[in-house]
Amino acid sequence: MFTIAVFSLFLTGVDSTVRSDHLCNRPCIYGASPFTCEYYFTVEWYWVLSKACHECPFNLTDCFRPQCITANGYPRPVIAVNRTMPGPSIEVCEGDKVVVHVRNELEDGSSTSIHWHGQTQFNTCHMDGVGLLTQCNIPYKETFRYEFTAHPAGTHWYHSHTGMQIGDGLLGAFIVREPASRDPAGSLYNVDSSDHILVLQDFLDYLTITRYLNEMHNMWEVTIPIAGLVNGRGQKHIVLNTYGIINTTQNQSMTPREVFMVKANSSYRFRIISAAPRCPFLLSFDRHKMVVIATDGAPLKPATVDSLVIGSGERYDIVITTNQNSGNFWIQCQGIGDCEPNEGHASAILRYEGAPEADPPGNFTKWQHGTIFNPFPDPKVNRSLSQDIYQDSLRYGGTDEDYTSERVDVKYYIRTWFFHCHTDGHMQQGMAMVIKVGNLTQFPTPPSYFPRCGGYTYRDVLYKDTTSSTWRLHKNFSTNVLLTIVAILQLFLLENPFTRLFL
Ligand SMILES: [Cu+2]
């Protein structure tokens, strides 16, 4: 085993895009020894267009300084990891051991926790990061050390699983690569780079809890003002040269969009993550088809489309072939449903090498999206239903797994799952339940030093009766979180890639 420890705080590069400069971001070689990949995350309240941004956006270079979060140009509080949003990407190979030290520096005293969305956590379910369920929330000023094996391969992400911290920025990409030879779609692309990870957020001009309370308690509030961000960047608000303190002839400017650089005549794997806690998005690349090759970490039989709909928490891997003449092209992410009326869109730029550093010609055009993958029933979407590809027609694209036959390869117990809607307000309103799989005595044992809060771990619930050598319930079980279980199910999980949607 190699141990690679890097303080990612100092290695986030010159901008806040999502590339990982960690040594664990490497080509994955079949049969090679796994690495131990160690990261240090400091979670803290931070600020859009902070002092670290100097003269951004009047001096655009300043917008790419370390610790400068530009978002859509509206100064507001955010919860950042190492003063970036999205937080530092984790990019590892399948089978690596991932160690993340999460330090809570949230100055209002809030607690936090981080869930590794899409990771199976075999035998480490206590590292799943669901606050108050699989672990205590991490208190202010304390550090929690997550440690688990990266599995399965694919495009995943991490995010806070405490309160509504996702909407305020506590999220990042979590990419688990495998040797290209193991990827059924490996022959369809030439480039699978950190430079083509696209993290989509919806974003407010105020804290997420404000929107939630407004929706819940303000009888007049019916609109949802939202803007989209791609890799933490968007362009919505005009920034004024307040007080005239920046020495420029401009009196207003706008924050930069994210730019994805490509070369002509090649094929790129784009890894698209929807970290948007609220909006589904309709996503397309102007004048480029997209070949969908995976969802939520599972390979699909490739499908060629013009655009796709991505919901909260979902991931799609697509291949873009750069078959146009050099130029700039819009990457359009249109918020749909109730996110449409209020400028709920994000845009980024696909720029061919040699093209001018400029916006693509023509405006961001809505609703021209051809064949749609997984269409959302929105009457404004201009489409021919007969062409569209629906989710239930997706086919598993793997070659080495026969998930339809009734056989049990492995038996494992995953203790408790928090099965929930990934739209933040919906979860808070109760679209969630705790599912316990297996008997308490069958669960993997957390380390003896694992922190406790109020007796939620199985050890606090059970004790071993030394005379009969059987497990018994403690009498003071009444305060235990397990009492909130609304359903106890025996689940028979087939190795179906789509079950991973809910992890
Ligand atoms: Cu999640």
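A residue is called buried if 20 or more other C-beta atoms lie within 10 Å of its own. Keep that cut-off handy for these exercises on a predicted model.

**Exercise 1.** Work out why Ala227 counts as buried.

*Solution.* Start by finding the residue: Ala227 sits in strand β11, residues 227–230. Next, count its neighbours: Ala227 has 25 C-beta neighbours inside 10 Å, so it counts as buried. Finally, look at Leu204, which is 23 residues away from Ala227 in sequence, with 6.4 Å between the two C-alpha atoms.

**Exercise 2.** Place β11 in its sheet and find the strand at the other edge.

*Solution.* Write down the strand order first: β11-β10-β15-β20-β17-β18, an open sheet of six strands with mixed pairing. Now check the ends: β11 and β18 (298–305) are the edge strands, each pairing on one side only. On average, neighbouring strands here are turned by 25 degrees against each other, direction ignored. Then zoom in on β18: it runs antiparallel to β17 (residues 290–295), and five bridges join the two. Across that pairing, Met290 stands opposite Val305 in β18.

**Exercise 3.** Sort the side chains of β5 (residues 97–105) by face, then find what stands opposite Val99.

*Solution.* Walk along the strand and you'll see the side chains alternate. Val98, Val100, Val102 and Asn104 point to one face and are buried. Lys97, Val99, His101, Arg103 and Glu105 point to the other face and are not buried. Now for the partners of β5. Strand β2 (residues 35–47) runs parallel to β5 with nine bridges, and Glu38 stands opposite Val99. Strand β7 (residues 143–149) runs antiparallel to β5 with seven bridges, and there Glu147 stands opposite Val99.

How values were computed. Residues numbered from 1 in each chain as written. Predicted model: local features only at pLDDT ≥ 70, side-chain atom pairs only at ≥ 80, totals over all residues. Buried ≥ 20, exposed ≤ 12 C-beta atoms within 10 Å, placed from the backbone. Helix = DSSP H or I, 4+ residues; strand = E, 2+ residues; numbered from the N terminus. Pairing = 2+ DSSP bridges. Axes fitted to C-alpha atoms, helices over the stretch in contact; angles between N-to-C directions.
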